[in-house]
Amino acid sequence: ATSINDINITTIDDKVENRQGLNINEKILIAEFAASLIKNNDFVYIDAGTTTELMIDFIKNTKAVFVTNGIVHARKLIQKNCITYILGGELKLTTEAIVGAQTVSTEAVVGNQALMNLQSYHFTKGFFGTNGVDIERGFTTPDIKEAMVKDEALHRSKKRYILCDNSKFEKISSVTFADIKEAKIITTNLDNNIYRQETEILEVRK
């Protein structure tokens, strides 16, 4: 096991507008493939994040029902005439995700109220963003409240997909929201075969 002293831990979540242009070609390929997995009668959770937002552009199956904690995500879904539900709770500016019980002047939902909303749901498929992927420490994000929402939504999804460009591998943020074995990873060409030993990798070839 790698010592905690030997790793670099990312503790800050960069603003959405700073992340949207990063690795954009990879993200588009991943997003398009993820959207193709949605079928009739699916009940889908879409996590806040830049790649999950891109995914909505490629959704062709508007007969599915969607739940999200992303403000922008919800708006894009209803513009496609998708039946859409949004979690209630505290709004977080940097990721535009719903997180908690208090309302502030930001754009993303996270905390206790969002968790309570999720406890009523049982998703056929869930699509999630991550700040880092590591064999030992799993899927991680810098924000505790957002990690709690990701954890709850992921474990309420029958099929679980992490949308992850190559820059996220071997990166670690402050809080683990799922073990590496608990979700399939959608990515582009992945050279490090150690991840294939731990979970299913769905590669989208460039």
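Colleague: Ile59 has its place in the loop between α3 (50-57) and β3 (65-68); why is Ile59 called buried?

Modeller: In this model, which is predicted, the relative accessibility of Ile59 is 3%. A residue is called buried under 20% relative accessible area, so Ile59, at 3%, counts as buried.

Colleague: Which residues does Ile59 touch, once its neighbours within four places in sequence are left aside?

Modeller: Ile59 is in contact with Ala35, Ile38, Ile46, Phe66, Leu77 and Lys80, where contact asks for heavy atoms within 4.5 Å. Ile59 and Glu32, for their part, are 27 residues apart in sequence, while their C-alpha atoms are 7.9 Å apart in space.

Colleague: Leu77 is one of those contacts; which residues of helix α4 (residues 71-79) are buried, and what do they pack against?

Modeller: The buried residues of α4 are Val72, His73, Ala74, Lys76 and Leu77, and they pack against β2, α3, β3 and β4 (83-86). After the helix comes Asn81, with a positive phi near 65°.

Colleague: Lys150 is a lysine in helix α6 (residues 144-154); how do you know that Lys150 is buried?

Modeller: The relative accessible area of Lys150 is 2%. Because the cut-off for a buried residue is under 20%, Lys150 falls on the buried side of it with its 2%. Not counting residues up to four places away in sequence, Lys150 touches Asp47, Ala48, Phe128, Gly129, Thr130, Thr141 and Phe177.

Colleague: What makes β8 and β12 edge strands?

Modeller: The sheet is open, with 3 strands in the order β8-β9-β12 and antiparallel pairing. Strands β8 (132-134) and β12 (175-178) each pair on one side only, and they are the edge strands. Neighbouring strands of this sheet are turned by 40° against each other on average, direction ignored.

Colleague: How do you know that β8 and β9 are paired?

Modeller: Pairing asks for at least two bridges between the strands, and β8 and strand β9 (residues 138-141) pair in the antiparallel sense over 3 bridges, so the condition is met. Within this region, Gly132 stands opposite Thr140 in β9. Helix α6 packs on the sheet, where it touches β9 and β12, and its direction makes about 15° with that of β12.

Colleague: Which residues touch the most other members of the largest nonpolar core, and which elements give two or more residues to this core?

Modeller: That core has 29 residues, of which Tyr45, Leu87, Val133, Phe139, Ile162 and Ile185 touch the most other members. Two or more residues come from each of β2 (43-46), α5 (112-118), β7 (123-128), α6 and β12, and the largest share, 4 residues, is that of α6. Val133 touches residues including Phe139, Cys164, Phe169, Ile180, Ile185 and Tyr195. A second, separate core of 22 residues includes Ile30, Ile56, Tyr161 and Leu163. In soluble globular proteins, nonpolar side chains tend to be buried together.

Colleague: How many helices and strands are there, and what percentage of the residues count as buried?

Modeller: The secondary structure comes to 6 helices and 14 strands, and 52% of the 206 residues count as buried. Among contacts with a separation of 6 or more, 56% are accounted for by residues 24 or more positions apart. The accessible surface of the protein comes to about 9,600 Å², and 48% of that belongs to carbon and sulfur atoms.

Methods. Residues numbered from 1 in each chain as written. Predicted model: local features only at pLDDT ≥ 70, side-chain atom pairs only at ≥ 80, totals over all residues. Heavy atoms only, no water. Buried < 20%, exposed > 50% of the residue type's maximum accessible area, 1.4 Å probe, protein only. Axes fitted to C-alpha atoms, helices over the stretch in contact; angles between N-to-C directions. Core = buried A, V, L, I, M, F, W, Y, C linked by side-chain atoms within 4.5 Å. Areas by Shrake-Rupley, 256 points an atom, 1.4 Å probe, with all protein chains shown as cover.
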